[in-house]
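Q: I have a protein model open and I'm not sure how to read it. Could we go through some features together?

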Amino acid sequence: MIKKISLKNWRSHSDTELVFSDGTNALIGLMGGGKSSVLSGICFGLFGTFPELQSRKVKLEDVIMKKPKEQKQAEISVVFDLGDGIDWTVKRVISKGKSTEAELRKNGQIVEAQVQKVNEDVERLLKINYDLFTRAIYSEQNQIDMFLTIPKGQRMKKIDEILAIDRFEKARTSTKTLGGRVRLSADEKKTIIQELEKDSAVQMLSGLKSSIETLRKEKERIEQQLKTAKNRRADLERGIDEVRRREKERREIEDGMKSFTALIEAVEEEIDKLKEDLMDFVEKTDEEIGEGFQEKKKELEGLEREVEDENRKLLSLKEMLGNKQGKLAGMEEKIPETRKKIKEKEELEKILKRGGVKKVLGEIEKKRGELEKSAAAVQAGIERIAEAEEGLREIKRVESICPICDNPLGDKKKENIIERKEKLISKLKLDVEHGGDRAEKLRVEIKDLEKELKEVENIEFKLSQLETVGAELKFLVDAVKQFKLDIQQINTEVKMAEKAQGLFKGRYETLRNEYDNIKRVLEKRAELSGRVKRRKEIETNIIGLQEKSQRLGPLGSLSAESMERELQTAIGFESAASVRIETLGDNIKEKETILVETEKKMETIEKIRAESIKMETIAEQLVLLESSLLATQEQLRRYFVSAVNQAMGLVWQNLYPYGDFKSCRLGIEEGDYILQLQDSTGWIPVDGVASGGERSIAALALRIAFALVLAPQLRWLILDEPTHNLDEKATQELAAVLRDRISEFVEQVFLVTHNPEMENAVSGYLYRFERAKEKDEPSRVTMISGPQLT
């Protein structure tokens with residue numbers, strides 16, 4: 001039993017919660033109130049889809065509330081039990097731009113939170129899937145008499161679709177088509193085999209294998225001969241290399257002797273020349289010359305340090321001179337500018353003597369006082385004008401009594417008073433006008449003075465900035481004099497340093513020449529010693545070559561030319577044998593390629609032959625399958641009709657309260673289903689015979705029979721607008737059936753209707769749905785009656 005459903009932002013429902021009981025639960029109200037949305041919500045809550053979504057009439061995001069305010073998320077929650085005391089709750093959440101979420105709870109404890117697994121668990125618990133639910137239990141809007149509205153000749157097809165028996169017909173048609181295609185494919189493969197067997201290569205397969213074997217043996221024989229020839233060639237090449245190596249060594253020894261002889265003569269000449277250059281130092285030893293060299297080196301290093309010190313000193317003086325000269329130039333540039341500022345200061349002081357800030361401020365205050373007085377006088381004049389005009393109006397209004405003194409007022413006196421008043425008003429207005437002109441003139445004068453005040457303040461500020469220019473000029477003049485004296489002194493020091501640097505340079509060059517001469521003597525003595533040593537090495541090398549020549553001995557009687565001729569013969573044989581081997585290899589490869597292709601063709605022929613036999617077998621089996629599907633389809637129809645008629649016989653006795661029709665059944669005429677009623681004359685068709693109420697009860701009996709046969713474990717029935725096309729009497733009869741007699745077969749009924757008379761069908765909960773669509777308001781649901789209210 002479905003116990004409760006909660007809808008949040010689902011279509012027109014903002015936050016709706018409905019509880020249900022067993023018996024008939026009704027949702028009543030005008031069209032567009034949100035009644036059918038509850039049924040689609042139940043379907044979606046249980047299975048994650050509903051008919052409109054399944055047929056793509058709407059998108060999933062379309063069910064999220066859009067009016068009066070667009071929402072981002074909708075939520076459905078359905079609570080049901082299966083008669084075992086366990087409450088199962090399915091909750092689904094739809095969010096814009098995101099995947100749908102789902103969860104399943106058992107007595108409040110979550111057991112699954114993955115959408116697909118939630119769907120599978122619900123189907124397992126209910127023992128029914130979505131397709132069967134919508135066919136057996138859920139009657140869409142105005143579809144309770146769906147069977148009777150199907151044109152004759154199409155009812156069996158429609159019922160087959162409801163029962164999914166039409167799949168057998170589709171399978172049978174597909175099987176027949178497939179069998180024809182398989183048979184055609186088998187014939188085509190036989191044709192291919194016949195064409196392939198005509199290939200000459202296939203017929204000469206054994207001869208091709210024998211030819212390849214002969215060529216392989218010939219190739220192996222020549223390869224053995226080639227191997228022997230290569231070994232002989234290697235021996236000849238090694239013998240020739242040995243003869244050539246010994247000849248090369250003999251030539252190298254002869255060339256080496258000549259080279260060393262010439263080299264030793266050149267070394268002797270160099271030794272004689274070096275001895276001649278060192279004649280002046282022949283009496284001095286290397287130690288004595290070395291000591292003199294070290295003394296000169298030490299003296300030279302000390303002089304180099306003194307020269308570096310003098311250079312650094314001269315560089316420092318020049319740097320100091322440059323800094324002084326730069327600063328002097330900067331100060332000399334500032335003197336004309338400073339004198340210009342002194343002249344500017346004198347001019348500003350002359351201007352300021354004519355009137356300072358205090359004087360201008362005094363004049364401004366004076367003018368402002370005059371302005372206030374003038375403005376006050378103008379205001380007083382305006383007030384007096386208003387009083388005089390009010391008095392004038394008062395005099396003009398009175399007849400014969402003065403409003404001030406209550407004395408008689410004659411016409412002459414009244415005219416005199418009016419004339420005086422008018423003259424006074426004219427004079428006052430003239431005074432006010434003159435006062436206004438005077439005030440405006442004072443305002444202009446004050447603005448001019450304020451402007452003059454700003455100029456005076458600017459002059460005083462500039463004078464404050466120029467206050468120290470006199471002292472700056474004196475400082476610059478004194479500093480220029482001092483810098484000139486410093487520069488003169490530094491120039492003197494630079495000249496003295498340059499003179500000292502010249503003296504040091506001359507002394508350094510003399511000492512450097514002496515140092516270099518001693519260094520060259522040492523180098524030549526070292527070179528002489530090296531040449532003597534080199535001469536000994538060359539003499540040793542000459543002796544070594546002589547000994548090597550003796551060890552080498554004579555070349556012997558081995559002929560390199562005869563070995564070369566034999567080698568060329570071996571090379572020629574190798575070349576011819578390689579060409580022959582390559583030719584044989586190409587022939588073998590070519591024939592092997594043909595052999596592989598031929599064997600592949602044979603494999604293809606055998607494979608195609610096996611496939612052809614297999615396809616013929618499959619075609620025969622498909623013929624058998626086609627016959628089996630047809631028999632199964634017919635048998636299922638008979639089983640279904642028998643089960644439905646048995647259920648309808650039981651249901652009819654409880655649904656129909658009269659005795660004129662004893663039973664109801666689903667019959668077959670002219671290859672199509674027909675709904676029939678049984679009276680005293682036999683079975684008659686419902687179409688064209690039964691009244692509206694009898695038709696609706698017959699259709700309801702058929703719907704209940706479908707539910708009992710297809711989903712016996714649930715005993716639910718969902719009817720959306722079942723009174724479509726029913727008259728008042730038929731509606732009353734249907735209400736009585738739903739209220740009093742349907743509970744024998746169906747535990748829980750959900751009824752959606754806009755017909756108020758169907759309130760009489762309720763035995764469970766009754767809800768009224770209202771909605772002001774023109775104001776885009778959400779659905780409003782009111783519980784009218786229920787088990788807990790009775």
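A: Sure, and keep in mind that this is a predicted model. Pick a feature and ask away.

Q: Let's try a pair of helices. At roughly what angle do the axes of helix H15 and helix H16 cross?

A: With two helices, look at the distance and the angle of their axes. Here H15 covers residues 692–710 and H16 covers residues 728–741; their axes cross at roughly 35° and come within 7 Å. The crossing of H15 past H16 is right-handed.

Q: Which residues in H15 and H16 meet?

A: From H15 you have Gly692, Gly693, Glu694, Ser696, Ile697 and Leu700, and they meet Ala730, Glu733, Leu734, Val737 and Leu738 of H16. Sorted by character, the residues of this contact are six nonpolar, three polar and two charged.

Q: Now sheets. What is the order of the strands in the open sheet of six?

A: Read a sheet from one strand to its neighbour. This one goes S8-S12-S13-S3-S14-S15, and its pairing is mixed. The edges are S8 (138–139) and S15 (780–785); each has a single partner strand, so one side of each has no neighbour in the sheet.

Q: How many bridges join S8 to S12?

A: Two, and these strands run parallel; S12 spans residues 716–720. To find the spot, look for serine 139, which stands opposite leucine 719 in S12. H15 turns up again here: it packs on the sheet, touching S8 and S12, and its direction makes about 140° with that of S12.

Q: Which strands does helix H1 lie across?

A: H1 (residues 35–47) lies across S3, S8, S12, S13 and S14, running at about 140° to S13.

Q: Let's zoom in on one residue. Is serine 779 buried or exposed?

A: For that, check the relative accessibility, where under 20% means buried. Serine 779 has 9%, so it counts as buried. You'll find serine 779 in the loop between S14 and S15.

Q: What does the side chain of serine 779 make a polar contact with?

A: With the side chain of serine 12, at 2.5 Å. A polar atom of the serine 779 side chain also lies 2.7 Å from the backbone oxygen of glycine 33.

Q: One last sheet: what is the pairing in S9-S10-S11?

A: Antiparallel, in an open sheet of three strands. S9 (663–669) and S11 (682–685) are the edge strands, each pairing on one side only. S10 (residues 672–679) pairs with S11 over four bridges, and leucine 677 has isoleucine 684 in S11 as its bridge partner.

Conventions:
Residues are numbered from 1 along each chain as its sequence is written. This is a predicted model: local features need pLDDT of at least 70, side-chain atom pairs count only at pLDDT 80 or more; totals for chains, interfaces and linings use all residues. Side-chain values use heavy atoms; hydrogens and water are left out. Axes are lines fitted to C-alpha atoms, for helices over the stretch in contact, and angles run from 0 to 180 degrees between N-to-C directions. A crossing is left-handed if the near helix is turned anticlockwise from the far one by less than a right angle, and right-handed if clockwise. Contact means heavy atoms within 4.5 Å. Ala, Val, Leu, Ile, Met, Phe, Trp, Tyr, Cys and Pro count as nonpolar, Asp, Glu, Lys and Arg as charged, and the others, Gly among them, as polar. Two strands pair if DSSP finds at least two bridges between them. Buried means under 20% relative accessible area, exposed over 50%, partly exposed in between (1.4 Å probe, protein chains only). A polar contact is a pair of N or O atoms within 3.5 Å; within protein, one must be able to donate a hydrogen and the other to accept it, and residues adjacent in sequence count only if both atoms are side-chain atoms.
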